[in-house]
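I set out to record how the helices of this chain pack and what lies between them. The entries follow the order in which I looked things up.

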Amino acid sequence: MPASPGGSRRSDNGAAAFAASPQLTRALQQIVVDLVELHLQGKQAHWNVIGHNFRDLHLQLDQIVDDARESADVIAERMRALGACPDGRSDTVTANTTLPAFPEGELSVSTVVNLVTARLRAAVDTVRTHHDQVDGEDPATADLLHTIIDSLEKHAWMVSAENRSH
């Protein structure tokens, strides 16, 4: 006899696991790649920022790095829960990121503010670009993306404020 939610009991094998489609897997993989790259670029900026207000930005970059790393982990683990395999290897990230390359060497606070703001916005754009397709297939994963968008946009606003004036 067929089981139904709220009705009779299911058999032990009555519910199949939801599995990500190839399109969902590709979308989430791109998001993971850009979040890993954001984490790495944030750390590069953290190590090499110099100038007035150095310490404040240095500490703020650590928060961005932590949030990017945590967000990448959340999406990668969601991929695993959906039967997909995330790929965060350095050569995969380098080959597939949409974020612009980050310059080497010491960089002034104002330069780092502009560079990091641009990368935060690029990462948000990646998440927003894939959001609707993800939402159409898996609203639960889209909820995770909402949280990531909120976090990255807040960081972009806070970092960019450093270079703003009346």
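**Entry 1: a residue in a loop.** I began with Asn53, which is partly exposed, with a relative accessible area of 31%. I note that the model is predicted. The value for Asn53 lies between the limits for buried, under 20%, and exposed, over 50%, and the residue is therefore classed as partly exposed. I located Asn53 in the loop between β1 (49-50) and α2. Its backbone caught my attention: Asn53 has a positive phi of about 70°, although it is not a glycine. I recorded for comparison that most residues other than glycine have a negative phi.

**Entry 2: α1 against α2.** I then turned to the helix pairs, for which I noted two quantities each, the angle between the axes and the distance between the axes. The axes of α1 and α2 cross at roughly 160° and come within 8 Å. Angles over 145 degrees count as roughly antiparallel, and α1 and α2 are therefore roughly antiparallel to each other. I found the crossing of this pair, α1 and α2, to be left-handed. Sorting the residues of the α1 and α2 contact by class, I obtained 14 nonpolar, seven polar and three charged.

**Entry 3: α1 against α5.** Next I took helix α1 (residues 22-48) with helix α5 (residues 139-160), whose axes are 13 Å apart and pack at an angle of about 25°. How are these two helices, α1 and α5, oriented to each other: roughly parallel or roughly antiparallel? Angles under 35 degrees count as roughly parallel, so α1 and α5 are roughly parallel to each other. I recorded a left-handed crossing where α1 passes α5. On the α1 side I listed Leu28, Ile31, Leu35 and Leu38 as making the contact, and on the α5 side Thr141, Leu145, Ile148 and Leu152. This contact of α1 with α5 comprises seven nonpolar residues, one polar and no charged.

**Entry 4: α2 against α5.** For α2 and α5 I noted an angle of about 170° and axes 11 Å apart. That angle makes α2 roughly antiparallel to α5. I entered the passage of α2 by α5 as a left-handed crossing. The residues of α2 that meet α5 include Gln60, Ile64, Asp67, Val74 and Arg78. Among their counterparts in α5 are Ala140, Leu144, Ile148, His155 and Val159. By class, I divided the contact of α2 with α5 into nine nonpolar, six polar and two charged residues.

**Entry 5: Glu70.** I looked up Glu70, which lies in helix α2. Is this residue, Glu70, buried or exposed? With a relative accessible area of 53%, Glu70 is exposed, the cut-off being over 50%. I also checked its separation from Ile148: the two are 78 residues apart in sequence and 9.6 Å apart in space, C-alpha to C-alpha.

**Entry 6: the nonpolar core.** I closed with the largest nonpolar core, which has 44 residues. Those with the most contacts inside this core are Leu61, Val112, Val116, Leu120 and Leu152. Which elements give two or more residues to the core? I found α1, α2 (54-81), α4 (109-137) and α5. The most comes from α4, with 11 residues. I followed one of the core residues further: leaving aside neighbours within four places in sequence, Leu120 is in contact with Leu38, Ile64, Leu152, His155, Ala156 and Val159.

Terms used. Residues are numbered from 1 along each chain as its sequence is written. This is a predicted model: local features need pLDDT of at least 70, side-chain atom pairs count only at pLDDT 80 or more; totals for chains, interfaces and linings use all residues. Side-chain values use heavy atoms; hydrogens and water are left out. Axes are lines fitted to C-alpha atoms, for helices over the stretch in contact, and angles run from 0 to 180 degrees between N-to-C directions. Helices (H or I, at least four residues) and strands (E, at least two) are DSSP runs, numbered from the N terminus. Angles under 35 degrees count as roughly parallel, over 145 as roughly antiparallel, 65 to 115 as roughly perpendicular and the rest as oblique. A crossing is left-handed if the near helix is turned anticlockwise from the far one by less than a right angle, and right-handed if clockwise. Contact means heavy atoms within 4.5 Å. Ala, Val, Leu, Ile, Met, Phe, Trp, Tyr, Cys and Pro count as nonpolar, Asp, Glu, Lys and Arg as charged, and the others, Gly among them, as polar. A nonpolar core is a set of buried Ala, Val, Leu, Ile, Met, Phe, Trp, Tyr and Cys residues joined through side-chain atoms within 4.5 Å. Buried means under 20% relative accessible area, exposed over 50%, partly exposed in between (1.4 Å probe, protein chains only).
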